Amino acid sequence: MSNYHIKNFPEYFHVYRNSVRNPELFWEEIAEEHFLWREKWHKVVSWDFSKPEIKWYEGAKLNITENCIDRHLYTNAHKTAIIFEPNNPDEEAQHITYKDLHERVNQMANVLKSKGIQKGDRVCIYLPMIPELAISLLACARIGAIHSVVFAGFSSTALSTRINDSECKMVITSDGSYRGAKTIDLKGIVDEALVSCLCVEAVLVVNRINSEIEMKPERDFWIAPLLAEASKECAPEIMDAEDPLFILYTSGSTGKPKGMVHTTAGYMVYTAYTFKNVFQYTKGDVYWCTADIGWITGHSYIVYGPLANGATTVLFEGVPNYPNYGRFWEIVEKHKVNQFYTAPTAIRALAKEGVDFVDHHDLTSIKVLGTVGEPINEEAWHWYDDNIGKKKAPIVDTWWQTETGGVMITPIPFSTPTKPTYATLPFLGIQPVLMDENGNEITGNQVDGKLCIKYPWPSIARTIWGDHQRFKDTYFSTFKNMYFTGDGALRDEVGYYRITGRVDDVIIVSGHNLGTAPIEDAINEHPAVSESAIVGFPHDIKGNALYGYVTLKETGESRDHDNLRKEINQMITEQIGPIAKLDKIQFTEGLPKTRSGKIMRRILRKIACKDTSNLGDTSTLLNPEVVQDIMDNVL
Ligand code: WT7
C-alpha cells in the first residue's frame, strides 16, 4: 500500500489515522518518496500557533521547478505539460511538452535576470490566461524571485495597491487580452497603475492582441525579442524550504488586501499530494481546471500541483459563454478531458441555459468532477451529476482557502461516498474542529460551529506580507492554538462536514472572496455619499450578490437615484474591479447602529434577504427608527 495514492475507503481511514497519530512520520514519508531534494531536512515540522511560527522541512534545499519540470525530462520529455486552448475556437490549441516548457521557462528566467531580477525580488504578474502566465510563475520560481500574480480583471487602483504593498520591481503584462468577443487594454491599466508605483523599474510586455500601445522608453520592453535572444538553459536557484515562493492577495473583512505568503517545500509537497488524490490523476489523463491562475486555485491546481505530478493540464483563455454556452463541453470533447474542476457559479450559469448545449458533445472521457470556491447548492450538484458526469463521475466538493494553499476537506473520488452539498471528510493529515462561542471544542456529531484546524499542514500560509501582527490577529487569535478559517460548518451524523458560509464580513460572490470594507471605502469616496454598508443576499447564479445601503450627504427628491447608482458602481469598478459591483443599491436616511456606533449588519443582511420575521431586539439601537424605514423601502 502506498500512502501517496489512496485507492479505497478503508485505505483512506487507515492512512488518515496514521497521518494524525504521527504527522511527522507521515509527512516525512510523502516528501521523501515523491520529490527531488538537493538536501534533506533536519526537522519535518516545528510550529507555534501563538506566535504564529510554522516551518516545514527545515534545512531542506530544493527548487520547485526542478520538481515540476526537469525531473520529468528523463522519462516524459515529449509528454504534453500544458494544453493551451485560446479564447477563439478558430485559433489552434497549443500542446506544450515538458521539454518545451523547460526551454521556455529557462528563457524567461534568463530575461528576468537580464533585467536585474534576483532571488527574493518581487515580480508582479498581470497577464491573461495564456502560456506566458504559467511560464512567468515558473520563471520566477526558477531564479528564486517571489511572484505576485494579480488577477487581470482587477482595476488599476487595485493593481497599484498590490504592487506597492510588496514593492515589486517588475511587472509582466500583455498589450491586451481577449475575453469572449471583447478585448481589454491591459497595458493601459498597467500604465495607469504605475503612475503611483515608484518601485517598478521594468515592464515586460507580451504581444497577445497586436494592439497599438504606448511603450515607455527604458521602462517597457517587448518580451518576444528578449526571449529570442535568451539561452534555453538556466541553472535553478537552490532555495531553502522556507524561502517564500509567492505572495497572493486575498480580501479581508477590514482594510487593505492581505498578501498571503506561501513558502517553497511545504507548498510543493501538499499541492502535489492533494492533486494526485483529490482528482485521482493517473498517467495519461488530461486534467482541466477552469479557474484563473490569478486565484489560488490556479496557482495550486493549474500550475504547481499538476506539473509536480507530470500531468497534462489545460489552460483556457476564454469564458464559458463564448462563442456559446457549449464552450466548456466542446473543450472537454476536443481534448478528452478526464478531470474537470470548476466553480458552482459557473455550473449554475450553464445549467440555466439548458442541456441542449451539453447534449451535442461527447463527455464520456470525464472520470472525476470537482467544485470549489463556495458552497454548492443541491440543485446545481444534481445538474452537474446528471448532465456532465452522467451519474458515473464522482463529484469532489473541495473546501479550502487562499490561506490553506491546498484542498482541506474533500471526498476522495471512488473512495468516499459523496453527499450533495457536503465537502465530506478531511484530507489526509488535516485535523478540523468545530468551536463554540466560548472557545470550546464541540465534540460528537450532528453539531455546528466555527471551523478551525488544530494542527499545521505543509501548505499553510506563513504570514501576511509586511504585517505579521495582522496574520496573528486574523487567524490565530479568535481561538487559542487554532487556525481559524472564518467559515462556519456543521458535522452530520456520520462525521461529514458541510460548510455553511462565512461568519465574518467577507462575502463570496461567484466564488470570489470580497471584503465589505474595501467596497464601502470605494463607495464612500463618491462626493454625494455620507455612509454605506454592504451585505450579501442569495442569488440564483452568483451564490451571493451584493446589496448596498447608502446614505447621502444631502437627501431630497432632486437627486437622480439611477444615475447615482451608476456612478457608485463606476467608483467600485475603478477602485476594485467589476466583480465587486452591487446588484442593488438602496438609499436610506440612516444605517442602524449600536450605541458604540457599529453598523448592525446582521439586521441589514436579514432585510436584504427578505427575512424579517426575526430581526431580534432593535430597541437598544442608537437609531431604532431607521429600521422600519429601511424595511419599507427594501428593493
Ligand atoms: C473561502 C475561501 C479555495 C480556492 C477558491 C476560494 C469559500 C471555498 C468552498 C466549498 C463552501 C467554500 C469559503 C472559504 N469556499 N471552497 N467547497 N464549499 N465554501 O479561495 O478566495 O480564499 O475563498 O471560499 O468561505 O473560506 P478564497
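**Ligand shell, helix packing and a partly exposed aspartate**

Asp473 counts as partly exposed, because it has 13 C-beta neighbours inside 10 Å, and a residue needs 20 or more to be called buried, while 12 or fewer would make it exposed. The model discussed here is a predicted one. Asp473 sits in helix 16, which covers residues 468–475. Between Asp473 and Asp359 there are 50 Å in space, C-alpha to C-alpha, and the two are 114 residues apart in sequence.

Now to the ligand. The shell around the ligand holds 22 residues, and Pro375, Gln401, Thr402, Ile499 and Asn513 are the closest of them. Four elements each give at least two residues to this shell: helix 11 (296–308), strand 20 (395–398), strand 25 (483–491) and strand 26 (497–502). Strand 25 has the largest share, with three residues. Sorted by class, the shell comes out as nine nonpolar, nine polar and four charged residues.

Helix 11 also packs on another helix. Its partner is helix 10 (residues 264–278); the two axes come within 8 Å and cross at roughly 85°. That angle falls in the 65 to 115 degree range, so helix 10 is roughly perpendicular to helix 11. On the helix 10 side, the contact is made by Met268, Thr271, Ala272, Thr274 and Phe275. These meet Ser300, Tyr301, Tyr304, Gly305, Pro306 and Ala308 of helix 11. Seven nonpolar and four polar residues make up the contact of helix 10 with helix 11, with no charged ones.

A second crossing pairs helix 13 (residues 344–352) with helix 15 (residues 378–388), where the axes come within 10 Å at an angle of roughly 75°. Helix 13 is therefore roughly perpendicular to helix 15. Pro344, Ile347, Arg348 and Ala351 are the helix 13 residues involved, and they meet Ala380, Trp383 and Tyr384 in helix 15. By class, this contact of helix 13 with helix 15 has six nonpolar residues, one charged and no polar. As for the spacing of such contacts, an α-helix has 3.6 residues a turn, so residues three or four places apart point the same way.

That leaves helix 6 (residues 131–143). What span should its 13 residues have, at 1.5 Å a residue? The expected value is 18 Å, and the end C-alpha atoms of helix 6 are 19 Å apart, which agrees. Helix 6 is largely enclosed by the rest of the structure, because 13 of its 13 residues are buried. Right after helix 6 comes Gly144, with a positive phi near 80°.

How values were computed. Residues are numbered from 1 along each chain as its sequence is written. This is a predicted model: local features need pLDDT of at least 70, side-chain atom pairs count only at pLDDT 80 or more; totals for chains, interfaces and linings use all residues. A residue is near a molecule or strand if its C-beta atom, placed from the backbone, lies within 6 Å of it. Ala, Val, Leu, Ile, Met, Phe, Trp, Tyr, Cys and Pro count as nonpolar, Asp, Glu, Lys and Arg as charged, and the others, Gly among them, as polar. Axes are lines fitted to C-alpha atoms, for helices over the stretch in contact, and angles run from 0 to 180 degrees between N-to-C directions. Angles under 35 degrees count as roughly parallel, over 145 as roughly antiparallel, 65 to 115 as roughly perpendicular and the rest as oblique. Two residues are in contact if their C-beta atoms, placed from the backbone, lie within 7 Å. The expected span of a helix is 1.5 Å times one less than its number of residues.
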